[in-house]
Amino acid sequence: MAWTKYQLFLAGLMLLTGSINTLSAKWADNFTAGGCGGSAEHSFQHPFLQAVGMFLGEFSCLAAFYILLCRDRQRAEPSLAPAQPFNPLLFLPPALCDMTGTSIMYVALNMTSASSFQMLRGAVIIFTGLLSVAFLGRKLVPSQWLGILVTMAGLVVVGLADMLGTRDETHKLSEVITGDLLIIMAQVIVAIQMVLEEKFIYKHDVHPLRAVGTEGFFGFVILSLLLIPMYYIPAGNFGGNPRQVLEDTLDAFCQIGRQPLIALALAGNISSIAFFNFAGISVTKEISATTRMVLDSLRTVVIWAVSLAVGWETFHGLEILGFLILLTGAALYNGLHQPLLARLPWRQPPAGALGSEAERENLLGGERAPINGDS
């Protein structure tokens with residue numbers, strides 16, 4: 001079935017803004033500028049401040065939701081269902097997971113390449129599958145277990161490509177390994193977030209934009225307050241700032257003042273996360289959740305291509321192999337192989353098999369997607 005112009009626009013918007021989100025964060029990390037008190041030039045390494053910006057972008061989705069709601073109420077026949085009462089504190093636990101996972105990933109982005117950062121996030125399939133079995137009582141079909149095993153193999157290949165391809169002074173081998181491990185560790189937290197959303201939030205039928213905005217509100221407020229004690233917590237070389245504290249927000253603003261392009265990169269990160277969430281939710285609604293997963297995989301290619309073009313990383317053939325293996329694992333887990341197999345003459349479903357097919361679709365999540373698919 002041919003796509004409409006609006007569907008093509010949504011798909012392009014999701015692909016573009018999803019790519020800009022990671023690339024703008026990496027662009028900010030690559031800048032060097034002097035800090036406060038006349039300190040020497042140093043890298044812009046402020047992952048927790050960047051995470052605050054990301055939550056600000058999510059928080060803006062709440063404004064988008066109320067704009068859509070007001071426009072819908074002015075119509076003769078409103079299309080949005082009346083909002084059911086719910087306790088906003090339900091979003092606090094997943095917001096804390098989002099805050100923790102996002103902060104860890106921004107720390108890791110300082111240590112590894114943008115393409116590896118994006119590829120290794122595919123590890124979330126492993127932990128989401130295992131946690132859904134343990135806490136949601138789901139039964140994974142054989143193809144999903146195979147997808148998890150294939151994803152594990154893909155992670156090994158990508159990690160090997162990182163170790164063999166580390167040849168620059170910016171990222172030492174030990175930093176790259178640490179960064180990769182942090183990304184994978186963060187996916188455990190992201191998987192917990194998804195399970196919490198599935199168990200406590202989806203049943204309340206909250207509009208996705210409202211859900212993203214509410215989580216963004218909690219994340220923005222809590223992490224902004226945490227920046228105060230972080231300013232005084234010693235972190236040694238891990239801090240990446242002259243005072244060697246966990247996060248030096250004043251140093252970040254001084255660097256922005258001396259290098260305005262950092263502000264442009266941060267603005268790109270904030271705005272792209274807002275548009276990416278809106279586009280992702282709209283793609284799921286207007287096209288399908290499968291299309292959203294495919295577009296999410298395609299942005300890895302865009303990020304990798306741009307990183308090569310601007311010289312942020314060097315080409316390594318194992319990255320292509322790792323990406324293809326990860327893509328295969330994601331396709332198996334999400335059931336993308338089923339339409340192909342269904343076309344085979346000996347794979348035609350027998351009469352009365354609709355019940356099992358519906359059950360399989362439910363296990364794969366149907367049209368549901370994580371409330372925040374990027375953080």
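Me: What counts as a salt bridge here?
Reply: A side-chain nitrogen of Lys or Arg within 4 Å of a carboxyl oxygen of Asp or Glu. Note that this is a predicted model.

Me: How many salt bridges by that rule?
Reply: The count is 3. Aspartate 72 pairs with arginine 75 at 3.8 Å, N to O. Aspartate 248 pairs with arginine 243, with 3.6 Å between the closest N and O atoms. Aspartate 296 pairs with arginine 299 at 2.5 Å.

Me: Where do aspartate 296 and arginine 299 sit?
Reply: Both are in helix H11 (residues 289–309), 3 residues apart, or about one turn of the helix.

Me: Is arginine 299 buried or exposed?
Reply: Arginine 299 is buried, because its relative accessibility is 1%. Its partner, aspartate 296, is partly exposed at 26%.

Me: And aspartate 72 and aspartate 248, buried or exposed?
Reply: Aspartate 72 counts as buried at 4% relative accessibility, and aspartate 248 does too, at 3%. Their partners are partly exposed: arginine 75 at 48% and arginine 243 at 38%.

Me: Switching to cysteines. How many disulfides?
Reply: The count is 1 disulfide. Cysteine 36 and cysteine 254 form it, with the sulfur atoms 1.9 Å apart. The link is right-handed, with 90° about the S-S bond.

Me: What does that pair tie together?
Reply: Cysteine 36 is in the loop between strand E1 (32–33) and strand E2 (42–43), while cysteine 254 is in helix H9 (residues 249–258), so the disulfide joins parts 218 residues apart in sequence.

Me: How accessible are cysteine 36 and cysteine 254?
Reply: Both are partly exposed: cysteine 36 has 32% relative accessibility and cysteine 254 has 21%.

Me: OK, the core. Which residues have the most contacts inside the largest one?
Reply: Phe44 and Leu223, in a nonpolar core of 53 residues. Another core, of 8 residues, lies apart from it; Leu10, Met14, Phe276 and Val283 are among its members.

Me: What is leucine 223 in contact with, beyond its neighbours within four places in sequence?
Reply: Phe48, Ala51, Val52, Phe55, Met99, Ser103 and Met230.

Me: Which residues form the nonpolar patch on the surface?
Reply: Leu160, Met163, Leu164, Leu173, Ile177 and Leu181, with about 500 Å² of accessible area together. Helix H6 (142–165) and helix H7 (173–201) each supply at least two residues of the patch.

Me: Which helix holds isoleucine 177, and how accessible is that residue?
Reply: Isoleucine 177 is in helix H7. Its relative accessible area is 31%, so it counts as partly exposed, and patch residues need over 30%.

Terms used. Residues numbered from 1 in each chain as written. Predicted model: local features only at pLDDT ≥ 70, side-chain atom pairs only at ≥ 80, totals over all residues. Heavy atoms only, no water. Patch = residues over 30% accessible without salt bridge, like charges linked within 9 Å, V, L, I, M, F, W, Y side chains within 5 Å. Areas by Shrake-Rupley, 256 points an atom, 1.4 Å probe, with all protein chains shown as cover. Helix = DSSP H or I, 4+ residues; strand = E, 2+ residues; numbered from the N terminus. Buried < 20%, exposed > 50% of the residue type's maximum accessible area, 1.4 Å probe, protein only. Core = buried A, V, L, I, M, F, W, Y, C linked by side-chain atoms within 4.5 Å. Contact = heavy atoms within 4.5 Å. Disulfide = S-S within 2.5 Å.
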